[in-house]
Each structure stands twice: as structure tokens, then as C-alpha cells.
Number of protein chains: 2
Amino acid sequence: MGIRHIALFRWIEGVTPEQVERVEALLGRLPGVIPELRGYEFGADLGIGAGNYDFAVVADVEGEPGFLAYQRHPDHQAALAVIKPMLADRAAVQFNID
Amino acid sequence: MGIRHIALFRWIEGVTPEQVERVEALLGRLPGVIPELRGYEFGADLGIGAGNYDFAVVADVEGEPGFLAYQRHPDHQAALAVIKPMLADRAAVQFNID
């Protein structure tokens, strides 16, 4: 069974569009280097909902081993090292998908 | 262009598995009655990540009109009426997908 991993980010004050573009560039490489990723979508909030977080990442993987492979991959860790200093808040869920 | 709408829920203390099953039953009906939903996944958190929220809903719709049609649909509103008293916290993002 697949697992869908969702992470929502709220940026700290002062995060620039260039910083978000850098995050998008780093995340955009991951499907090409992490074979356990069977689906990967991410993007900035569109501003059509009140009180929203600022950015979403959705990773579809095969089972818990796939999730751990994604989490631990060095290129994912490198992206997280850029993301973490930008974070005011993070919300996450992993749930089963077909 | 499509929009992916994500909502993560954290339940208040005391929410029962039966209440969550009722939410799942109500949400499970929506793809059959809201034609604007081109993809719909939801489920309870698997407990494999620290500090996670408890439940996720992911709705893929066509553009902002599709998003609004989903949001405003009476069956979605009926599900929200059940969900809202169960909520300690909610996090949401809408972002563009292909």
C-alpha cells in the first residue's frame, strides 16, 4: 500500500521569493534522484484561503520503507537544511493511499 | 490548471474512532456527488512522524471555480459541520498542480 506524506510550511517573516524559489529548485530535483518517490507535488499557497500555511509538499511513496528512504535521502536532507531556518511552523500527516 | 487543496486536522482530546469513521463515511461520499473533484484522498495519520496532525484531506479540482464548487457543496458543508466541533487545529494550503 502507498503512503501519502504531506508537509505544510509557514515561513517566518522576511522570507523572500528568492528563498522560496531556491526551495522549489531543491525539491524539484528529488523525483529524479529518489526512486522511491512515485509521485511528488509541491508549491506555494495561492492565497485563496484564509489563515493558510505558505507552502505544501506532497510525496507519494511505497510503504514505510519508501517513506524512510525519502526522508533519509541526502538530497532531501540538503533541502531540509535550507528549509528549516525559514520555518515558523510545520504541519504534517502520513496516511494510506491505494 | 488544477488546484490541489490540502487540509490537515488535529482533533480535540476525547474524539473517538467512531467519530473519525463518521467523518470518513461523509467524506467518502463526496467524489460521487461533486463532479468538480477530479481526485480525492483522505485518511488518518499513521503515527510514523513526530508531532503530526491527526487527519488529512487532499482534493484535486479544476481551477478556482472547481475549488469553490467543492467548498460550497452542501454535502461538503454537511461534513464540515460534523468536523468543526472535533477540531483543535487546522492547517491548509491550496497550490497549483498540472
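**Close-up 1. Where helix α2 of chain B meets helix α3 of chain B.** In this predicted model, B:Tyr70, B:Gln71 and B:Arg72 from α2(B) touch B:Pro74, B:His76 and B:Gln77 from α3(B). Sort the residues of this contact by character and you get 2 nonpolar, 3 polar and 1 charged. The two helices cover residues 63-72 and 74-83, and their axes lie 5 Å apart at an angle of about 55°. An angle from 35 to 65 degrees falls between roughly parallel and roughly perpendicular, so α2(B) and α3(B) count as oblique to each other.

**Close-up 2. The two sides of helix α2 in chain B.** Which residues of α2(B) are buried? They are B:Gly63, B:Gly66, B:Phe67 and B:Tyr70. Look down the axis of α2(B) and these buried residues fall within an arc of 100°, so they line one face of the helix. Here's a handy bit of background: an α-helix has 3.6 residues a turn, so residues three or four places apart point the same way. Turned away from the buried side of α2(B) are the exposed residues B:Pro65 and B:Arg72. And what covers the buried ones? The cover includes the strands β1 (2-11), β2 (37-44), β3 (55-62) and β4 (87-97) of chain B, along with the helices α1 (17-33) and α3.

**Close-up 3. Helix α1 of chain A, end to end and side to side.** Over in chain A, α1 runs through residues 17-33, which makes 17 residues. From first C-alpha to last, α1(A) reaches 25 Å, close to the 24 Å expected at 1.5 Å a residue. Its buried residues are A:Val20, A:Val23, A:Leu26, A:Leu27 and A:Leu30. Down the axis of α1(A), they sit within an arc of 120°, so they line one face of the helix. Flip to the face turned away from that buried side and you'll find A:Pro17, A:Glu18, A:Arg22, A:Arg29 and A:Gly32, which are exposed. Covering the buried residues of α1(A) are, among others, β1 (2-11), β2 (37-44), β3 (55-62), α2 (63-72) and α3 (74-83) of chain A.

**Close-up 4. Helix α3 of chain A and what it packs against.** A:His76, A:Ala79, A:Leu80, A:Val82 and A:Ile83 are the buried residues of α3(A). Viewed down the axis of α3(A), they fall within an arc of 160°, so they line one face of the helix. On the other side of α3(A), A:Pro74 and A:Ala81 are exposed. The packing partners of the buried residues are β1, α1, α2 and β4 (87-97) of chain A.

**Close-up 5. A:Leu37, a residue in strand β2 of chain A.** Is A:Leu37 buried or exposed? With a relative accessible area of 10%, A:Leu37 is buried, because buried means under 20%. Skip its neighbours within four places in sequence, and A:Leu37 is in contact with A:Leu30, A:Pro31, A:Ala59, A:Asp60, A:Val61 and A:Tyr70. For a sense of distance, A:Leu37 and A:Val57 are 20 residues apart in sequence and 12 Å apart in space, C-alpha to C-alpha.

**Close-up 6. A:Ile48 and its contacts in chain B.** You'll find A:Ile48 in the loop between β2 and β3 of chain A. Its relative accessibility is 27%, so A:Ile48 counts as partly exposed. Which residues does A:Ile48 contact, leaving aside its neighbours within four places in sequence? They are B:Ile3, B:Glu64, B:Phe67 and B:Gln94. You've already met one of these, B:Phe67, among the buried residues of α2(B).

Terms used. Residues are numbered from 1 along each chain as its sequence is written. Chains are lettered from A and ligands numbered from 1 in the order in which they are written. This is a predicted model: local features need pLDDT of at least 70, side-chain atom pairs count only at pLDDT 80 or more; totals for chains, interfaces and linings use all residues. Side-chain values use heavy atoms; hydrogens and water are left out. Helices (H or I, at least four residues) and strands (E, at least two) are DSSP runs, numbered from the N terminus. The expected span of a helix is 1.5 Å times one less than its number of residues. Buried means under 20% relative accessible area, exposed over 50%, partly exposed in between (1.4 Å probe, protein chains only). The arc is that of the directions from the helix axis to the C-beta atoms. Contact means heavy atoms within 4.5 Å. Axes are lines fitted to C-alpha atoms, for helices over the stretch in contact, and angles run from 0 to 180 degrees between N-to-C directions. Angles under 35 degrees count as roughly parallel, over 145 as roughly antiparallel, 65 to 115 as roughly perpendicular and the rest as oblique. Ala, Val, Leu, Ile, Met, Phe, Trp, Tyr, Cys and Pro count as nonpolar, Asp, Glu, Lys and Arg as charged, and the others, Gly among them, as polar.
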